[in-house]
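Here are some worked exercises for you to try with the sequence and the model side by side. Have a go at each task before reading its solution.

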Amino acid sequence: MKRILPFIIFLLILIENSFAQLKKIDLHSGKLNFTSNVNLDLLGPAAFYSFNYEKFLLNTNHFKNSVSVGASWLPYSSGYIQLFLPISVNQFFSYRSHHLIVGAGCTVTRDNFYKRPRSHLQYGGDIYPWDLFGATQIGYRFQRPSKRFFIQANYLVIIDNLRYLIRYGNSFSETMPYAELKFGYAFNFKMKEKK
């Protein structure tokens, strides 16, 4: 018993110190240390890929808001739309490293229709080099609050020909399911103050 008593006292002191250290750490904190990020988006609202910049406007333990803008370009020889500019607003519901995301946005596209044969033009030969697509999303992001790298997977509903939906109603518009996978790097962006 005399040998065990010092060992038990040592364990109690060690455990008490461990709990004292844990009190200093907020185990439920989901607040991100880095409020800006750049990411590579595979598939998603830009169809194939895009490079994006995302900025968090609200960053609390459990709720976050972000705005994201991106760009994607495909060569003319691909036979597809050449320029994609996805824009989205997202709401995050966070618990530690796990983030549920809901969001909505649009993708502005540019195509050089005038360089293509008339048979490739849509809707009776109208030439519209700029077009607009809508997107809603629900997804999951894994990002530790103190770490820079993250991965995110989304389920999207793309609203095709949003310009026609706004102008004519549902007659020329359709929705389609789509997926998205993001890999990102987070950082803090601070402007230098002028002296």
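Nine bridges join β6 to strand β7 (residues 149–160), and the two run antiparallel. Please keep in mind that this is a predicted model.

**Exercise 1. Placing the strands**

Task: Find how many helices and strands the protein chain has, and work out how the strands are arranged.

Solution:
- Step 1. Begin with the inventory: the protein chain holds two helices and eight strands.
- Step 2. Follow the sequence, and the pattern reads α-β-β-β-β-β-β-β-α-β.
- Step 3. Now trace the pairing. The order β1-β2-β3-β4-β5-β6-β7-β8 forms a closed barrel of eight strands, paired antiparallel. On average, neighbouring strands of this sheet are turned by 25° against each other, with direction ignored.
- Step 4. Finish with two totals for the protein chain. Of its 195 residues, 33% are buried. Among contacts between residues at least 6 apart in sequence, 57% join residues at least 24 apart.

**Exercise 2. Around β6**

Task: Describe how strand β6 is connected to β5 and to β7.

Solution:
- Step 1. On one side, strand β5 (residues 98–110) pairs with strand β6 (residues 130–142) in the antiparallel sense, over 13 bridges. In this pairing, Thr-107 is opposite Phe-133 of β6.
- Step 2. For the pairing with β7, take Phe-142, whose bridge partner in β7 is Ile-151.
- Step 3. Look at the connection as well: six residues form the link of the hairpin that joins β6 to β7.

**Exercise 3. Thr-107 and Phe-133**

Task: Decide whether Thr-107 is buried or exposed, and then list what surrounds Thr-107 and Phe-133.

Solution:
- Step 1. Thr-107 sits in strand β5. Its relative accessibility is 2%, so Thr-107 counts as buried, the cut-off being under 20%.
- Step 2. Beyond residues up to four places away in sequence, Thr-107 touches Pro-45, Phe-84, Leu-85, Pro-86, Asp-131, Leu-132 and Phe-133.
- Step 3. Pro-45 deserves a second look: its backbone oxygen lies 3.3 Å from a polar atom of the Thr-107 side chain.
- Step 4. Turn to Phe-133. With neighbours within four places in sequence left aside, its contacts include Ile-81, Thr-107, Thr-109 and Ile-159.
- Step 5. Phe-133 also belongs to the largest nonpolar core, a group of six residues completed by Ala-46, Ala-47, Leu-74, Ile-81 and Phe-84. As background, nonpolar side chains in soluble globular proteins tend to be buried together.

**Exercise 4. The two faces of β3**

Task: Work out which side chains of β3 point to the buried face, and examine Ser-68.

Solution:
- Step 1. Side chains alternate along β3: Lys-64, Ser-66, Ser-68, Gly-70 and Ser-72 point to one face and are buried. Phe-63, Asn-65, Val-67, Val-69, Ala-71 and Trp-73 point to the other face and are not buried.
- Step 2. Check Ser-68, which lies in strand β3. Ser-68 counts as buried because its relative accessibility is 4%.
- Step 3. Collect its contacts. Not counting residues up to four places away in sequence, Ser-68 touches Asn-52, Tyr-53, Glu-54, Pro-86, Ile-87, Ser-88 and Asn-90.
- Step 4. Locate the pairing on both sides. Strand β2 (residues 49–59) and strand β3 (residues 63–73) pair antiparallel over eight bridges, with Glu-54 opposite Ser-68. Three residues separate β2 and β3 in their hairpin. β3 also pairs antiparallel with strand β4 (residues 83–95), over nine bridges, and there Trp-73 stands opposite Leu-83.

**Exercise 5. An aromatic pair**

Task: Classify the ring pair of Tyr-53 and Phe-187, and say which strands hold the two residues.

Solution:
- Step 1. Searching the whole structure gives five aromatic pairs.
- Step 2. For Tyr-53 and Phe-187, the ring centres are 6.4 Å apart and the planes meet at 40°, so the pair is tilted.
- Step 3. Tyr-53 lies in strand β2 and Phe-187 in strand β8 (residues 174–187), so the pair ties together parts that are 134 residues apart in sequence.
- Step 4. Add the setting of Tyr-53: it stands opposite Val-69 in β3, and at 31% relative accessibility Tyr-53 counts as partly exposed.

Key
Residues are numbered from 1 along each chain as its sequence is written. This is a predicted model: local features need pLDDT of at least 70, side-chain atom pairs count only at pLDDT 80 or more; totals for chains, interfaces and linings use all residues. Side-chain values use heavy atoms; hydrogens and water are left out. A nonpolar core is a set of buried Ala, Val, Leu, Ile, Met, Phe, Trp, Tyr and Cys residues joined through side-chain atoms within 4.5 Å. Buried means under 20% relative accessible area, exposed over 50%, partly exposed in between (1.4 Å probe, protein chains only). Contact means heavy atoms within 4.5 Å. Two strands pair if DSSP finds at least two bridges between them. Helices (H or I, at least four residues) and strands (E, at least two) are DSSP runs, numbered from the N terminus. A polar contact is a pair of N or O atoms within 3.5 Å; within protein, one must be able to donate a hydrogen and the other to accept it, and residues adjacent in sequence count only if both atoms are side-chain atoms. Axes are lines fitted to C-alpha atoms, for helices over the stretch in contact, and angles run from 0 to 180 degrees between N-to-C directions. Rings of Phe, Tyr and Trp (its six-membered ring) pair if their centres lie within 6.5 Å; planes under 30 degrees apart count as stacked, over 60 as edge-to-face and the rest as tilted.
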